[in-house]
Amino acid sequence: MSAWLSAVTSPTGDVMPSVLVTVAMVEGSGPREPGAKMLVTRDGQVDTIGGGHLEMRACEIAREMLNQTATMPAASRRIGRFALGPSLGQCCGGVVHLAFERIDGAQADYFRLLGERRSERETSWRLVALDSAIPPVMLDASGKCIAGSWPATLGAIDVERPCHVLKDAEGKTWLADPCRPYRPHLVLFGAGHVGAAIVRALGELPCHVTWVDERDDMFPASVPANVKIEATDAPEAVVDEVAPGATYLVLTHSHALDQRLSEAILRRADAGWFGLIGSKTKRMQFEHRLRDRGIAQERIADMVCPIGVPGITGKQPAVIAASVCAQLLQVWEAEECAQLAQPQRRQFA
């Protein structure tokens with residue numbers, strides 16, 4: 001996930017001495033994908049790169065770097081190749097390349113900017129020299145430098161690729177690391193028991209959530225970092241304000257409100273997946289009413305009701321939440337695969 005980014009700086013703005021470990025490249029099978037990260041401190045870690053012994057060895061290397069003097073350039077960054085075989089007590093058979101970056105107070109503004117951009121759902125690219133002391137560079141989604149300067153020795157970067165390693169004209173090794181906000185956006189209507197259980201379950205999943213209800217007092221005092229509360233007397237208006245492609249879940253306290261929200265969502269041709277809590281009987285009633293309201297049958301067919309993974313029938317809020325979140329992950333991964341299959345390529349140069 002991205003808890004590492006919040007953990008880089010303390011609430012006072014100080015930066016704890018730490019090492020950021022990034023999966024820079026994977027050959028064959030690996031426990032995590034390129035771009036996965038963990039932050040290692042002298043007495044702990046945040047997030048995971050997976051792999052059991054691989055992660056243990058990475059933590060050992062990171063703490064060796066922390067125990068060296070901060071003035072040693074060779075200790076600030078490095079890249080390592082790890083075969084997932086008998087030497088690591090693993091049988092994946094692949095090879096994982098890990099980038100190690102020592103972080104201290106000098107990078108405070110850099111990572112603070114990265115965190116601000118992520119919270120604003122802005123894409124950033126990090127360019128990090130792994131075998132030299134060149135300051136890291138940050139680019140926005142258009143390729144403009146917003147921290148540091150574009151290295152004159154570096155060629156074009158394929159911005160459609162995930163995190164990867166490349167060489168510049170002088171043979172230096174660079175990490176090209178896209179830091180994209182989570183693409184899936186769920187608009188969840190309803191702050192009752194099921195809604196609250198779903199929000200808790202989504203708290204550590206790769207998405208961001210807009211949680212909507214008319215009743216301000218129904219929301220908990222604190223919510224996960226990827227959740228934004230929208231307390232409003234006009235929840236239908238939220239549907240009109242959401243960017244195209246968002247995912248919707250409707251599970252309010254009122255069937256009348258559920259119907260109004262369903263109609264508003266189905267009238268948007270650019271709405272993403274839409275799930276409505278309820279039984280098959282509720283679906284039949286809503287289909288009839290929506291047709292009477294002029295909604296085309298092909299749009300009504302896009303409404304998923306009942307919701308959840310087939311075969312899970314428990315009615316407890318936590319059970320429903322687990323089933324619905326699994327369904328959402330299926331939807332989002334299918335969307336991600338479809339997007340990656342598109343042949344469009346862009347470059348920074």
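Colleague: Met218 in this predicted model: how do I read its exposure, and what does its relative accessibility make it?

Modeller: The general idea is to hold the value against two cut-offs: under 20% is buried, over 50% is exposed, and anything in between is partly exposed. Met218 comes out at 35%, so it counts as partly exposed.

Colleague: Where does Met218 sit, and which residues does it touch once sequence neighbours up to four places away are left out?

Modeller: Look in the loop that runs between strand E13 (208-213) and strand E14 (227-231). With those neighbours set aside, Met218 touches Ala191 and Gly192. As for His193, its C-alpha is 9.5 Å from that of Met218, with the two positions 25 residues apart in sequence.

Colleague: On to helix H7. How far does it reach, and what span is expected?

Modeller: Here you compare the end-to-end C-alpha distance with 1.5 Å a residue. H7 covers residues 280-292, 13 in total, and reaches 19 Å, close to the expected 18 Å.

Colleague: Which residues of H7 are buried, and how do they fall around its axis?

Modeller: The buried ones are Lys282, Arg283, Phe286, Glu287 and Leu290. Looking down the axis, they stay within an arc of 135°, so they line one face of the helix. Met284 and Asp292, on the other side of H7, are exposed.

Colleague: What covers the buried residues of H7?

Modeller: The cover includes helix H6 (255-266) and helix H8 (297-300), along with strands E16 (274-276) and E17 (303-304).

Colleague: And what phi does Gly294 take, just after H7?

Modeller: A positive one, about 90°.

Conventions
Residues are numbered from 1 along each chain as its sequence is written. This is a predicted model: local features need pLDDT of at least 70, side-chain atom pairs count only at pLDDT 80 or more; totals for chains, interfaces and linings use all residues. Side-chain values use heavy atoms; hydrogens and water are left out. Helices (H or I, at least four residues) and strands (E, at least two) are DSSP runs, numbered from the N terminus. Buried means under 20% relative accessible area, exposed over 50%, partly exposed in between (1.4 Å probe, protein chains only). Contact means heavy atoms within 4.5 Å. The expected span of a helix is 1.5 Å times one less than its number of residues. The arc is that of the directions from the helix axis to the C-beta atoms.
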